[in-house]
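User: Please take a close look at one part of this model, a sheet and the helices around it. Walk me through the pairing first, then the packing.

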Amino acid sequence: MRSNYRGAGAIAAAMALVVVVGGSWFGYRELAGSRCAGEVKLAMAASPEIAPAVRSTVDKWSGDGGSAGGTCVVVDISEVNSVDMAAVIAAQHNVGLAGVGSANGTLQLPDVWLPDSSTWLVRLKTLAPGFTPTDGGSVARSPVVAAMPEPLAESLGWPDKKVGWADLLKQITTGTGLRTGIVEPTRDAAGLSGLLSLAAAAATAGGSAPQAQTAALRSLAIGRSALRDDLVAKFPQASDAASLASGLNVAPLSEEDVIAYNAKKPPVPLAALYVEPTPAPLDYPFAIMPGVDPAKTAAAEAVHEALDSGAFRNLLGAQGLRSPDGTWGAGFVAPTGAPSPAGGPPSATPNAGGKAAGGLDPAALDRSLATWTAVTAPGRMLAVMDVSGSMLEEVPEADNATRMAVTLAAAQAGLNLFDDSWALGLWTFSTRLDGNKDWRQLVPIGPLSSNRPQMLGALKTISPKPDGDTGLYDTLLAAYKAVQDEWAADRVNSIVMFTDGKNDDDNGINEQTLLAQLKDLADPRRPIQVIILGIGSGVDEGQLKRITSVTGGGVFVTKDPTKIGDIFLKALALRPAAPR
């Protein structure tokens, strides 16, 4: 089971590691004598569950005279949870990963990072083009499974019957009482893999796909946990019917998690359901960080080669991990029904795993995380929609529907994601839309539990003002004041503005005045995120970014109006988690 320690405990462990590795290196250096032309020190951060096997292998390799081109290599291996190192890398590149939060100030960038999944690399590369690690080959694997108390799994026909994600989706969404849970997928790779699989299963539901996906996500969200240890503690602690009914029934976890859980001899063991289609496994990529000098790169490549051995495979097996090809070494306690691609343990080429990130779709990752955030992080939002004359322009990619029609369709689809815990309001804007005001309130901000019909009805009435210009500055300032007046401490407060142009209201305030007033209004104790969705080529992205640099939030621009739904989801994912 991965540890979730942070803070002082992590620092103490890291310091102890430095002492041990340093001592081992001193002894080795004395024995090696003149066999080495020099030395290179390499810092590696590894996911906690794989670090012991890596450390043992690298220590033996060093002790046997391991080197890179005649240069001795000393490796300082620290155990770091993948989410914590991802936060450090994101901060270095001035980007924010949805749900990850701020970087731990005590962690330093390593030369080599061994996270539990390539999804971390893909997410970082998508946001930060400057993040270009090399190598990336898998050194281990742990399939993602649906973990379920054995008595419940047996009721579904396990281990003889194969279970699909569509079967689980039906169980989750039909009110059968299946209690689901997940480790927060923005912070956990196994949770994210399970989320992707459920989303794919929901996509096969035809016309009801969005409803099926939303229902599944809401069910998962009820039982979600920030930490893996907290989640597994929710599984039944006794085998009686009441405990099975009230405890956690199913959650996506890694195979290694299930092995570690069952090794503790719990009252109710977990079954590992190898659900089809197979989710993306945890693949432990060996990532050499960008900017590492050639000597360290050569040393890192030599270390990677040292991990390509039967001895390392056996150490992985003792930790409940497989080789990259899916087979396993000595000491691996395979869960009932565990598949092996080679038909059994070990293969002739245990590390023929290829590149770890090969099959991951960055767009699918973005979409799933954004939808998850929209569904599970309720907020208080004012939607502000541009109804200037340019919104009447036709969109060839949408069968010549107008920009307004395409935008309204995206807004209606987005509204279906929000449950009744959300509070929403709706404005439109152009110029002189309500007397001398450039904006008009259609629905005041209020709980969807009572104003959902009003919101849907108002969206259907919106039409562009043919001769209207874009009174963006006056409208945004008024919207900011309105949201601030009734700011809610228990949720994310935000403004989402849809626009296809730049401010062209000669009778309104200018940019300098807007920015000055927003600076005066902004209160870090009462934050309001301003998210601006730009549609088409008439948007001045620089103008919009100057606004959000003052308020917080972000700007998302697409020249293709049919993509407005995707950037709307990205915008929602940008929001921080609501206070708890």
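Analyst: Start with one bridge: L424 is partnered with G446 of β16. The model is predicted. L424 belongs to strand β15, residues 423-434, which pairs with β16, residues 437-447. The sense is antiparallel, and seven bridges hold the pairing. Two residues lie between these strands in the hairpin. G435 takes a positive phi there, near 65 degrees.

L424 has a bridge partner in β12 as well: M381. Here the sense changes. β12 and β15 run parallel, again over seven bridges. Both kinds of pairing are general: strands of a sheet pair through backbone hydrogen bonds, either parallel or antiparallel.

Now the whole sheet. Six strands line up as β16-β15-β12-β17-β18-β19. The sheet is open and its pairing is mixed. β16 and β19, residues 553-558, are the edge strands. Each has a single partner strand, so one side of each is left without a neighbour in the sheet. Neighbouring strands are turned by 15 degrees against each other on average, direction ignored.

Helices pack on this sheet. α15 touches β12, β15, β17 (492-499) and β18 (529-535). The direction of α15 makes about 170 degrees with that of β12. Helix α19, residues 541-551, lies across β18 and β19. It runs at about 160 degrees to β19.

Next comes α16, residues 448-461. How does its length compare with expectation? At 1.5 Å a residue, its 14 residues should span 20 Å. The end C-alpha atoms are 18 Å apart, which agrees. The helix still bends, by about 25 degrees at Q454.

Which residues of α16 are buried? They are L448, N451, R452, M455, A458 and L459. The general rule helps to read that list: an α-helix has 3.6 residues a turn, so residues three or four places apart point the same way. The buried residues of α16 pack against β12 (379-386), α15 (403-415), β15 and β16.

The nonpolar cores come next. The largest has 66 residues. L273, M385, F418, L426 and L533 touch the most other members. Of these, M385 falls within β12, residues 379-386, and L426 within β15, residues 423-434. A second, separate core has 54 residues, including A87, L282, V292 and A302.

For contrast, look at another sheet. Three strands form it, in the order β9-β6-β10. It is open too, but the pairing is antiparallel. The edge strands are β9 (251-254) and β10 (270-273), and each pairs on one side only. Neighbouring strands here are turned by 45 degrees against each other on average, direction ignored. Four bridges join β6, residues 144-149, to β10. P149 stands opposite L270 of β10. Helix α7, residues 189-202, packs on this sheet and touches β6 and β9. Its direction makes about 130 degrees with that of β9.

How values were computed. Residues numbered from 1 in each chain as written. Predicted model: local features only at pLDDT ≥ 70, side-chain atom pairs only at ≥ 80, totals over all residues. Heavy atoms only, no water. Pairing = 2+ DSSP bridges. Axes fitted to C-alpha atoms, helices over the stretch in contact; angles between N-to-C directions. Contact = heavy atoms within 4.5 Å. Expected span 1.5 Å × (residues − 1). Bend = angle between axes of the 7 residues up to and from the residue. Buried < 20%, exposed > 50% of the residue type's maximum accessible area, 1.4 Å probe, protein only. Core = buried A, V, L, I, M, F, W, Y, C linked by side-chain atoms within 4.5 Å.
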